[in-house]
Amino acid sequence: MKIILKFTFTVLLLIIITSCSSDDGDTNELQTQLIGKWLFENPNSSPDINNSFTFTSSGNVIYSYWTGSETNYDSETGTFSFDEDIITMVFPDDVSLTYVQKVVFINDNTIEFQSTGVSGDNAYEGVYFRDGVELTGSEKEYRIEFTTGDLESWVSVGLETTLDFTDRTQKVINSEFDRTNNIVTVEVPKNVNHFKLKFYIEDSSTANMKFYALDNNALIHKETINKQEYEYEYTFE
C-alpha cells in the first residue's frame, strides 16, 4: 500500500510540474515576442509625434511620451508581467498607475492591446507597431476562391478576410456568395504583408479552396474542405 501511494504521489507531482512548465513556456514565448520598442503611430505614415512603449528582458517597460514642446520626449519606467496572454503594467512614478490588457499579435510586427472585459481592469487599448521594421508585401494581385456544389437555399456561406498592408493599415472584406455560380472570392491587392481569412458553410458541404496569382494563375495553395468553419492565413516574405 505504501509503495502504491508513493508511486501515485510521484505521478501527480510530475503532472503538476509538467503542466506548470508548459504554461511558463507559453508565457515566456509571448513575453519574448514583446521585447523591444513599440510605437503608438504607424511609422510608415511619418507622424510628427510618436510615443512608445519599450519592453526589456529584465521585466521593465519604458513609456516615452511627447512633452508638448518641439521634439522633446520624457519617459517613465515601470514593470510588466504576464498571466497567460494578459499583461499587467505598473508605473510607480508620482501616482501609481496600473494597466491590465490582453495582448494580441496581429502579425510579428503589429500588436493590439485589448480590454480584458474584467471590471476594474484599466486597459491601455490600441494598436502598436514594432520600431525599425520594414514590411515586405505582395508585388502583384492574388485571388482566393471557394467553390461548392449546388446548395439548398437555406444554406448560408460566408467569407471574411483581414488584410494587413505594408504601411501597417488593415482592411476587412466580407465577400458575397454567388449562388448562380456557387463561388465566393476575395482579391488580395499589391502591398499586402499578411492576410487571414475565415470561411463558413452552414451545412459543412464540400468546398474547394484555391489561392493563386491573377497574372499567370500560378497556384499558391489549394485544399478541399469538409467542415463548417475553416481558417487560412498567409504572409508574403
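Q: What makes T110 a buried residue, and in which strand does T110 lie?
A: T110 lies in strand β7, residues 110-114, of this predicted model. Its relative accessibility is 5%, and buried means under 20%, so T110 counts as buried.

Q: Which residues does T110 touch, beyond those up to four places away in sequence?
A: T110 touches W38, V104, F105, V127, Y128, F129 and R168. Contact here means heavy atoms within 4.5 Å.

Q: Why is T161 called buried?
A: T161 has 0% relative accessibility. The cut-off for buried is under 20%, so T161 counts as buried. T161 is found in strand β10, residues 157-165, and with neighbours within four places set aside, T161 is in contact with K171, V172, I173, V186, F195, K196 and L197.

Q: Which residues does F195 touch, not counting those up to four places away in sequence?
A: T161 appears on this side too: F195 touches I144, T161, T162, L163, V188, F211, Y232, E233, Y234 and F236.

Q: Which members of the largest nonpolar core touch the most other members?
A: They are I144, F146, F195 and F199, in a core of 26 residues. The elements giving two or more residues to this core are β9 (142-148), β10, β12, β13, β14 and β16 (229-235). Of these, β13 gives the most, with five residues. There is also a second, separate core of 19 residues, which includes L34, F55, Y63 and F80.

Q: Why is the pair of F40 and Y128 called edge-to-face?
A: A pair of aromatic rings is described by the distance of the centres and the angle of the planes. For F40 and Y128 the centres are 5.0 Å apart and the planes are at 75°. Rings pair if their centres lie within 6.5 Å, and planes over 60 degrees apart count as edge-to-face. Both conditions are met, so F40 and Y128 form an edge-to-face pair.

Q: What does the pair of F40 and Y128 tie together?
A: F40 lies in the loop between β1 (36-39) and β2 (52-55), while Y128 is in strand β8 (residues 126-130), so the pair ties together parts that are 88 residues apart in sequence. F40 and Y128 are both buried.

Q: Which residues form one aromatic cluster with F40 and Y128?
A: The other members are F53, F55, Y63, Y65, F80, F82, F91, Y99, F113 and Y124. The structure holds 29 aromatic pairs.

Q: How do you know that K210 sits over the ring of Y212?
A: K210 lies over the face of Y212, at 4.9 Å from the ring centre. The distance limit for a charge over a ring is 6 Å, so 4.9 Å meets it.

Q: What makes the phi of N191 and of N217 worth a look?
A: Most residues other than glycine have a negative phi. N191, however, has a positive phi near 70°, and N217 has one of about 65°. N191 lies in the loop between β12 (183-188) and β13 (192-201), and N217 in the loop between β14 (207-213) and β15 (219-225).

Q: Why is N217 called exposed, and N191 partly exposed?
A: Exposed means over 50%, and partly exposed lies between 20% and that value. N217 has 52% relative accessibility, so N217 counts as exposed. N191 has a relative accessible area of 46%, so N191 is partly exposed.

Q: How do you know that β5 pairs with β4 and with β6?
A: Two strands pair if there are at least two bridges between them. Five bridges join β4 (residues 73-83) to β5, and six join β5 to β6 (residues 97-107), so both pairings qualify. Both are antiparallel. D83 has I86 as its bridge partner in β5, and M89 has Y99 in β6.

Q: Which turn residues have a positive phi in the hairpins of β5?
A: The hairpin of β4 and β5 has two residues between the strands, and E84 in the turn has a positive phi of about 60°. The hairpin of β5 and β6 has five residues between the strands, with D94 at a positive phi near 55°.

Q: Which face of β5 is covered, and which is uncovered?
A: I87, M89 and F91 make up the covered face, and I86, T88 and V90 the uncovered one. In a regular strand the side chains alternate between the two faces of the sheet.

Note on methods
Residues numbered from 1 in each chain as written. Predicted model: local features only at pLDDT ≥ 70, side-chain atom pairs only at ≥ 80, totals over all residues. Heavy atoms only, no water. Phe/Tyr/Trp six-rings, centres within 6.5 Å; stacked < 30°, edge-to-face > 60°. Helix = DSSP H or I, 4+ residues; strand = E, 2+ residues; numbered from the N terminus. Buried < 20%, exposed > 50% of the residue type's maximum accessible area, 1.4 Å probe, protein only. Lys NZ or Arg CZ within 6 Å of the ring centre and 35° of its normal. Core = buried A, V, L, I, M, F, W, Y, C linked by side-chain atoms within 4.5 Å.
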